[in-house]
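Welcome! Please take a moment to look over the sequence and the 3D view, and then let us walk through them together.

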Amino acid sequence: MNLELPLEAVKGVGEKTAEQLHAAGLDTVYDLITFLPRAYEDFSEVVAIADIRPGKRTIRAHCEKVEIKRVRRGMTVTTAVLSDGTAKLNAVWFNQPYRAAQLKGDDEYYFSGTFEFSYNRYQLTNPSAEKVSDMPVSTDRIVPIYRAIKGLKSQLVRKLLIELRPYVRVLPDPLPDGIVKSQKLLPYAEALLALHFPKSSADIERARERLAFDELFDLLLAAELNKQSHASLKGWQIPFDQVAVKDFVAGLPFQLTDAQRRAAWEIIQDFERDVPMNRLLQGDVGSGKTVVAGLAARQAASSGFQSAIMAPTEILASQHAETLTALLQPFGVTVGLLTGSVKGKAREELYKQIASGGVDVVVGTHALIQDAVTFHRLGFVVIDEQHRFGVAQRQQLLHKSDHMPHLLAMTATPIPRSLALTVYGELDISVLNERPKGRKPILTKLWSPNSRSQLYDLIEEQLAQGRQAYVICSLIDDNADNELKSVQAEYKKLRVGPFKHRQIGLLHGKLKPAEKEAVMADFASGKTDILVSTTVVEVGVDVPNATVIMIENADRFGLAQLHQLRGRVGRSERQSYCYLVMSDSKAPSKRLREIEKSNDGFHLAQVDLDLRGPGEIYGRAQHGDLNLQVATLGDTQLIARAQREARAFVTANRDLLQYKQLANQVERYQRLTKLN
Ligand code: ADP
Ligand code: MG
């Protein structure tokens with residue numbers, strides 16, 4: 001039996017049907033038998049009409065009378081009286097006039113549909129009808145519901161699958177036999193049979209577990225293999241310079257948190273090995289990732305290695321350059337800034353310095369990955385807010401060294417453990433799960449748009465104490481021009497209205513880089529009291545004196561984004577406030593109530609993951625393509641089981657190429673999840 005057989009060769013598939021199947025991406029027998037139902041309707045229990053209650057029901061009856069009425073132009077109503085000897089019942093179909101012809105005669109039929117009260121009487125609405133003497137497909141069973149295929153009746157897909165049942169039966173199992181046995185999984189063919197032709201909901205559960213296991217196993221095996229191939233790379237060894245680290249730490253204006261120490265130590269240890277580091281530093285907003293990266297760059301410099309730090313925006317890059325200059329210059333470590341706004345002679349000069357090793361630490365935006373940039377001896381690469389970059393961009397930066405440099409990817413979007421394991425499985429992870437000492441949790445409040453003036457009073461209270469405030473305007477829609485309009489309007493309104501005695505800055509994405517810089521500099525130095533901004537301040541911006549942030553149309557933002565924005569305040573020992581102004585006075589969503597209650601980015605990320613799925617949150621570029629059909633990345637138990645098996649597979653040095661189907665899938669995942 002050839003699984004690659006084109007569907008037009010299957011009985012019941014005409015030219016037109018084949019076309020429609022192809023359009024839906026289904027070309028071969030294999031494609032169709034692995035096309036999984038997205039849901040089920042349980043019509044397996046046949047009830048007597050005398051006992052019927054509202055709900056999804058199946059009866060076995062014959063048709064006593066049927067008639068078609070034309071109600072309006074192009075609209076028909078077909079009604080029938082059905083009887084099974086216990087009682088009679090009305091059925092109704094909208095726009096299915098062919099039912100009248102189908103139900104003529106004395107045959108017995110199964111009818112499956114919704115029994116409900118409508119149009120002033122109880123009736124069975126739009127039931128499927130199939131002769132008892134035929135094999136029922138859409139009645140008298142747990143009926144699988146497939147994703148709709150344009151132009152095709154769902155009935156036909158079910159019929160075809162019944163036709164293809166023999167192929168399903170002999171499907172080879174993609175997983176090694178030992179794993180199926182030790183994990184007590186349903187064999188692959190049985191799982192697919194259960195999904196297409198379920199006998200009970202327990203059947204479906206077991207089958208889904210099996211297929212979810214496969215997806216997770218493939219993904220985790222890909223991660224293990226990436227890890228293995230990474231471990232065979234030769235990197236730069238950077239020895240631990242204890243004096244340099246001590247001096248660096250002693251020079252800080254604060255004490256490192258325990259979490260920062262731990263992360264720094266993990267990095268130092270990675271540096272000492274000749275395998276390049278491949279580490280993700282996860283830390284909630286304000287947990288102090290920059291100084292950890294700075295310490296590592298200090299280590300690299302003391303052995304004569306350059307570091308490159310790439311950030312997603314100019315504001316962030318220049319802020320990092322400033323911070324790192326202050327931290328590193330006292331020790332003779334030089335810092336350069338390369339962004340789009342460094343032009344002409346200055347840019348040429350900087351290129352030269354980078355190429356000759358005249359700058360030790362190069363901070364920049366995407367400008368860093370341009371061909372013109374060559375390093376003297378690049379040993380350490382930091383990617384800040386790593387999820388803002390694509391795989392290719394990260395690779396381009398890493399390839400600026402003739403040895404694979406040590407990589408530290410940083411993110412302030414906390415990633416739930418289950419997701420980190422699956423999607424970032426090849427990375428070692430350091431977590432900053434602790435805020436700097438003395439930070440109070442930010443007080444967050446949802447605010448009705450009708451009581452804005454009270455809110456302005458609260459903000460004024462902070463300003464009067466010498467503090468500063470952010471006012472964030474949302475996207476009114478996806479149109480960047482409208483966003484601009486709304487932030488400008490807000491700026492004007494505040495300047496003539498409630499805050500006319502205050503200095504207000506305006507920041508948005510359409511400003512020239514130099515203008516942005518000036519606006520940020522004014523806010524950072526305290527020249528302006530209020531910064532009205534779009535979400536360009538979302539990532540990383542650090543002005544500790546700001547203690548209040550007001551976010552307009554808060555309901556239009558994602559949870560992770562709100563948490564990021566909120567992280568612009570709470571960066572000193574003072575109490576900070578976050579006010580989320582709603583678009584209307586409707587009851588707030590679950591999402592918003594969660595962020596009001598919790599300051600914990602990890603908790604919020606889990607909530608977001610549960611509510612919206614990984615693709616929405618962590619960017620389609622990487623995760624949308626994973627295309628998981630059955631597995632949920634929140635299923636920690638199954639993930640742990642799959643991981644154990646994936647590790648064992650790699651440890652036992654088994655030959656993946658023996659398992660062709662498995663190998664294909666794993667290779668695809670390897671490409672998608674690789675970070676370097
Ligand atoms: P993020 O992790 O969000 O990138 P930053 O690195 O921008 O955080 O640090 C946030 C602020 O906290 C900065 O002003 C930084 O100087 C300060 N900071 C970092 N570590 C500590 C610490 N251990 N104690 C006090 N302040 C710290
Ligand atoms: Mg940061």
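## A term to start with

Buried area is the accessible area, found with a 1.4 Å probe, that two parts lose on being put together, summed over both. Keep this in mind for the domain interface below. Please note also that you are looking at a predicted model.

## How the protein is divided

Three domains make up the division of this protein. Domain 1 covers 45-140, and domain 3 covers 443-598. Domain 2 is written in two pieces, 242-272 and 287-411.

## Where domain 2 meets domain 3

Let us begin with the distance: 30 Å separates the C-alpha centres of domain 2 and domain 3. Contact between this pair involves 10 residues of domain 2 and 11 residues of domain 3. Together the two domains bury about 850 Å², and carbon and sulfur atoms account for 61% of that area. Which three residues supply the most of what domain 2 buries against domain 3? They are Ile 315, Gln 319 and Arg 388, with 51% of the area on the domain 2 side.

What kinds of residues does domain 2 bring to this interface? Its side that touches domain 3 has 3 nonpolar, 4 polar and 3 charged residues. Across the interface, the rule finds 0 salt bridges, while 1 residue pair is in polar contact, with both residues at pLDDT 80 or more.

## Around ligand 1

Now for the ligand. There are 16 residues around ligand 1, and those that come nearest are Gln 255, Gly 286, Lys 289, Thr 290 and Asp 542.

Some individual atom pairs are worth finding in the view. Lys 289 places a polar side-chain atom 2.8 Å from an oxygen atom of ligand 1. From Ser 287, a polar backbone atom is 3.5 Å from an oxygen atom of the ligand. Arg 439 has an N or O atom in its side chain 3.2 Å from a nitrogen atom of ligand 1. How much of ligand 1 does the protein bury? Taken alone, the ligand exposes 570 Å², and the protein buries 86% of that.

Technical notes: Residues are numbered from 1 along each chain as its sequence is written. Chains are lettered from A and ligands numbered from 1 in the order in which they are written. This is a predicted model: local features need pLDDT of at least 70, side-chain atom pairs count only at pLDDT 80 or more; totals for chains, interfaces and linings use all residues. Side-chain values use heavy atoms; hydrogens and water are left out. Domain bounds come from an automatic or database domain assignment. Contact means heavy atoms within 4.5 Å. A salt bridge is a side-chain nitrogen of Lys or Arg within 4 Å of a carboxyl oxygen of Asp or Glu. A polar contact is a pair of N or O atoms within 3.5 Å; within protein, one must be able to donate a hydrogen and the other to accept it, and residues adjacent in sequence count only if both atoms are side-chain atoms. Ala, Val, Leu, Ile, Met, Phe, Trp, Tyr, Cys and Pro count as nonpolar, Asp, Glu, Lys and Arg as charged, and the others, Gly among them, as polar. A residue is near a molecule or strand if one of its heavy atoms lies within 4 Å of it. Accessible areas come from the Shrake-Rupley method with a 1.4 Å probe; for residues, only the protein chains shown count as cover.
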